[in-house]
Amino acid sequence: MKGINRVQTGIKGLDKMLSGGLISERPYILSGPPGSGKTTLGMQFLLEGIKQGERVLFVALEEPVNEVKYNMTSLDLNLKGLDILDANSDIRRYEPTPVMEISSKSKVQKMWDLPDTIRKTSRFKSTVVSVHSLQNTLKQEFKRAGYKRIVIDSLTALKYFCMVGEEDIYLQSFLRFLSESKVTSLLTVETPENYGLTPEIFLARGEIRLNKTWEKGQIKRWISVEKIRGSEHEEKVYPIEIRKGEGVVVLDKNI
Ligand SMILES: Nc1ncnc2c1ncn2[C@@H]1O[C@H](COP(=O)(O)OP(=O)(O)OP(=O)(O)O)[C@@H](O)[C@H]1O
Ligand SMILES: [Mg+2]
């Protein structure tokens with residue numbers, strides 16, 4: 001269609017499943033159970049942006065940033081050029097600590113410059129990230145750096161720690177903020193076994209789902225495109241593998 005820009009995900013098979021890529025400047029859900037490959041696929045999406053000369057940003061909400069770096073380096077992914085924002089909340093939401101502004105605490109860092117050691121979380125550090133302060137920080141960063149792609153890892157953590165009480169309203173305005181900012185965003189969602197239809201699935205412009213099953217005592221991984229508004233897409237489920245040096249790879253020869 002005229003005027004529609006496609007954003008390549010960095011995973012060849014997935015781009016074919018998406019009829020060429022994601023429609024740009026929209027927010028998408030990347031869902032899956034623990035260990036299914038969400039962070040890896042999100043990282044590949046950002047690295048593809050770097051390859052195309054774009055500025056890209058990873059927002060870490062559920063793992064210390066050094067740990068993200070360590071894990072992705074162990075997969076041999078080249079993280080040069082990747083910016084990361086530490087938006088981890090060190091205090092759980094049920095602790096009565098005043099919410100602090102993330103903008104005074106966290107700055108975007110170059111992933112490459114992070115120390116290789118895994119950070120020990122200080123037990124008494126009291127940063128609580130509010131969705132408003134995260135949004136403000138992102139707004140400033142979008143203006144400063146002109147990010148084209150962003151991964152929020154994870155929306156599950158953002159909802160749990162930062163959208164207490166009024167998840168649906170916050171969620172709607174956060175997704176609207178992302179699309180108005182003209183970035184193409186992937187928001188990871190951790191799914192339990194009995195995963196049903198949740199508000200983010202309705203509100204996002206599309207959903208890519210990763211899955212894990214067992215076959216003859218072996219974990220098998222799968223990928224499907226569950227919905228993409230305004231675009232044709234593949235409706236078959238395809239096998240994937242997570243490989244060193246490559247990340248998530250769609251295995252089917254026909255795709
Ligand atoms: N070096 C490696 N080579 C091959 N596979 C690896 C390697 N490192 C990790 N993996 C696989 O990738 C999986 C992790 O993928 P990833 O962290 O992207 O999943 P996730 O869906 O983000 O998980 P979580 O919900 O826990 O954040 C590991 O569980 C492991 O099976
Ligand atoms: Mg992850």
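User: How many bridges join β10 to β11, and do the two strands run parallel or antiparallel?

Analyst: Let's take the general idea first. Strands of a sheet pair through backbone hydrogen bonds, either parallel or antiparallel. In this predicted model, strand β10 (residues 218-228) and strand β11 (residues 238-243) run antiparallel and are joined by 3 bridges. You can find some of the partners yourself: W222 has P239 of β11 as its bridge partner, and R221 is matched with I240 of β11.

User: And how many bridges join β9 to β10?

Analyst: There are 10 bridges between β9 and β10, and this pair runs antiparallel. One place to look is E207, which stands opposite K227 in β10. The hairpin of β9 and β10 has 2 residues between the strands, and K216 in this hairpin takes a positive phi near 45 degrees.

User: What is the order of the strands in the open sheet?

Analyst: The order is β6-β5-β4-β7-β8-β3-β9-β10-β11-β12, which makes an open sheet of 10 strands with mixed pairing. At the edges stand β6 (108-110) and β12 (247-250); each has a single partner strand, so one side of each is left without a neighbour in the sheet. From one strand to the next, the twist averages 25 degrees.

User: Which strands does helix α2 lie across?

Analyst: Follow residues 38-51, which form α2: this helix lies across β3 (27-32), β4 (56-60), β7 (149-153), β8 (184-190), β9 (206-215), β11 and β12. Its direction is at about 165 degrees to that of β7. Helix α6 (residues 155-162) also packs on the sheet, where α6 touches β7 and β8 and makes about 75 degrees with the direction of β8.

User: Which residues are closest to ligand 1?

Analyst: P34, G35, K38, T39 and T40 are the closest of the 14 residues that surround ligand 1. Two elements, α2 and α3 (65-74), give two or more residues to this shell. The largest share is that of α2, with 3 residues. By character, the shell divides into 3 nonpolar, 8 polar and 3 charged residues.

User: How do I read unusual backbone angles?

Analyst: Here is the general rule: most residues other than glycine have a negative phi, and most peptide bonds are trans. This chain offers some cases to look at. E25 has a positive phi near 65 degrees and is not glycine; E25 sits in the loop between β2 and β3. K182, also not a glycine, has a positive phi of about 60 degrees, and its place is the loop between α7 (167-180) and β8. As for peptide bonds, the one that joins D153 and S154 is cis, with omega about 10 degrees. S154 belongs to the loop between β7 and α6.

User: Is A87 buried or exposed?

Analyst: The idea is to count C-beta neighbours inside 10 Å, with 20 or more needed for a residue to be buried. A87 has 25 of them, so A87 counts as buried. You will find A87 in the loop between β5 (83-86) and α4 (102-105). A87 and I152 are 65 residues apart in sequence, yet their C-alpha atoms are 9.7 Å apart in space. For contrast, E25 has 17 C-beta neighbours inside 10 Å and therefore counts as partly exposed, while K182, with 13 other C-beta atoms within 10 Å, is partly exposed.

User: What does the whole chain come to in helices and strands, and what share of it is buried?

Analyst: The chain comes to 8 helices and 12 strands. Of its 255 residues, 40% count as buried. Among contacts with a separation of 6 or more, 75% are between residues 24 or more positions apart.

User: Where is the pLDDT below 50?

Analyst: Start with the overall picture: the mean pLDDT of the chain is 85, and 85% of the residues reach 70 or more. Among the elements, strand β2 (residues 22-23) has the highest mean, 98, and α4 the lowest, 48. Over residues 91-104 the pLDDT is below 50, and this stretch has 23 contacts in the model beyond near neighbours in sequence. Residues 119-126 are also below 50, with 8 such contacts.

Technical notes
Residues numbered from 1 in each chain as written. Chains lettered and ligands numbered in written order. Predicted model: local features only at pLDDT ≥ 70, side-chain atom pairs only at ≥ 80, totals over all residues. Pairing = 2+ DSSP bridges. Helix = DSSP H or I, 4+ residues; strand = E, 2+ residues; numbered from the N terminus. Axes fitted to C-alpha atoms, helices over the stretch in contact; angles between N-to-C directions. Contact = placed C-beta atoms within 7 Å. Near = placed C-beta within 6 Å. Nonpolar A, V, L, I, M, F, W, Y, C, P; charged D, E, K, R; others polar. Buried ≥ 20, exposed ≤ 12 C-beta atoms within 10 Å, placed from the backbone. pLDDT = per-residue confidence, 0-100.
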